[in-house]
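Dear colleague,

Please find below the structure that I am handing over to you. A summary of what was found in it follows the sequence and coordinates.

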Amino acid sequence: MLNPTEKIWHNGRFIKWEDATVHVLSHVVSYGSSVFEGIRCYGTPAGPAMFRLREHIRRLMDSGKIYRMENIGFTADQLAEAMLELVRVNHMDSAYLKPIVMRGYGEVGVNALKNPIDIYIACWNWGKYLGEEALAEGVDVCVSSWTRLAPNTLPAMAKAGANYMNSQLIKMEALANGYVEGIALDSHGYVSEGSGENIFVVRDGKIHTPPLGASVLPGITRDTVITLAREMGIPVVETIVPREMLYIADEVFFSGTAAEITPIRSIDRITIGKGRRGPVAEALQKEFFGVINGSKPDQHGWLTPVHAAVAAK
Ligand code: PPE
């Protein structure tokens with residue numbers, strides 16, 4: 001269950017967790033008009049630090065722009081400062097942050113343009129997304145009977161609340177059938193992504209991941225994996241992935257802020273590779289977690305320290 005923290009940021013000020021409520025007739029409730037982010041703040045040896053803060057804020061603003069929410073009243077720098085301050089006021093050593101930009105209370109009806117835009121940022125401690133053992137052991141998943149958002153319906157590049165109605169169908173069906181997650185295909189029948197993760201397929205030492213045109217969210221962790229893999233000399237291609245490629249892969253793994261890098265050990269009850277975390281996923285985890293735990297240098301400036309004084313040391 002969700003563990004409340006003390007404060008939530010709302011339109012420029014901090015309010016109590018329990019006061020962060022919206023009116024039932026807010027536009028977002030009926031029409032799903034929100035865009036949001038999920039960002040991790042990690043406990044590093046130099047104190048809490050946000051992982052790829054700038055990139056998450058950029059995607060939030062991109063999502064807003066797609067939905068004509070351009071004048072949100074705060075700059076990227078102001079939102080960044082708000083998130084850092086939120087972690088400070090809640091005295092968190094690590095956290096998961098969720099900024100939400102939504103169409104609020106005012107008019108009723110589909111036209112969104114007259115409703116005020118409300119921004120909230122909450123944070124809390126979020127445990128392992130796909131179970132405690134997932135990172136080391138891998139997870140059992142299925143291919144969903146639900147298709148991901150078709151092109152030119154709901155824009156997959158926007159991280160919008162409404163997209164997660166599709167994700168919920170994928171996730172609930174997977175759970176009902178005894179899997180921890182579902183992999184959705186795109187409207188052409190090619191592999192797209194999980195309900196809340198991007199996907200990577202390894203065969204013969206080469207990594208394949210679906211391109212943005214396959215209705216995937218442009219994942220920040222996806223970009224992190226691609227960057228790290230290339231630096232490690234592992235070839236990565238963004239290419240169409242047929243469903244059957246999943247079954248014959250040496251390794252398949254998910255990436256996401258919440259899921260981090262989670263190996264997949266079976267798909268539709270077919271064992272993937274050796275049925276446990278493979279060497280490519282393990283090597284990538286080592287690099288990824290190395291940046292966070294300080295055993296690897298943060299060459300790309302992916303970490304933003306929450307306490308500036310600690311950063312200066
Ligand atoms: N695809 C989807 C559909 C998605 O929701 C996420 C994040 C990703 C890919 C990976 O993107 P990124 O986090 O930038 O690497 N899903 C969030 C969890 C969704 C949820 O609230 O549950 C997350 O990982 O934070």
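How do the residues of the shell around the ligand divide into nonpolar, polar and charged? Seven are nonpolar, eight are polar and five are charged. Please bear in mind throughout that this is a predicted model.

I begin with the ligand site. The ligand is surrounded by 20 residues, and the closest of them are Y96, Y129, Y164, T221 and T257. Two elements, α6 (220-231) and β14 (251-256), each contribute at least two residues to this shell. The space that the ligand takes is the largest pocket.

Polar contacts with the ligand involve several side chains. T221 places a polar side-chain atom 2.5 Å from an oxygen atom of the ligand. For T257, a polar side-chain atom likewise lies 2.5 Å from an oxygen atom of the ligand. In the case of K159, an N or O atom of the side chain is 3.5 Å from a nitrogen atom of the ligand. On its own, the ligand has 550 Å² of accessible area, of which the protein covers 94%.

I turn next to the aromatic residues. The structure contains eleven aromatic pairs. One of them is formed by W9 and F74, with an edge-to-face arrangement in which the centres are 5.0 Å apart and the planes meet at 70°. This pair links distant parts of the chain, as its members are 65 residues apart. W9 belongs to strand β1 (residues 7-10), whereas F74 is in the loop between α2 (53-66) and α3 (76-89).

With kind regards

Terms used. Residues numbered from 1 in each chain as written. Predicted model: local features only at pLDDT ≥ 70, side-chain atom pairs only at ≥ 80, totals over all residues. Heavy atoms only, no water. Near = heavy atom within 4 Å. Polar contact = N/O pair within 3.5 Å; in protein donor to acceptor, adjacent residues only side chain to side chain. Areas by Shrake-Rupley, 256 points an atom, 1.4 Å probe, with all protein chains shown as cover. 1 Å grid on protein atoms, 1.4 Å probe; cavity = no way out; pocket = protein on both sides within 12 Å on 5 of 7 lines; lining within 4 Å. Sits in = over half its atoms within 2 Å of the grid points. Helix = DSSP H or I, 4+ residues; strand = E, 2+ residues; numbered from the N terminus. Nonpolar A, V, L, I, M, F, W, Y, C, P; charged D, E, K, R; others polar. Phe/Tyr/Trp six-rings, centres within 6.5 Å; stacked < 30°, edge-to-face > 60°.
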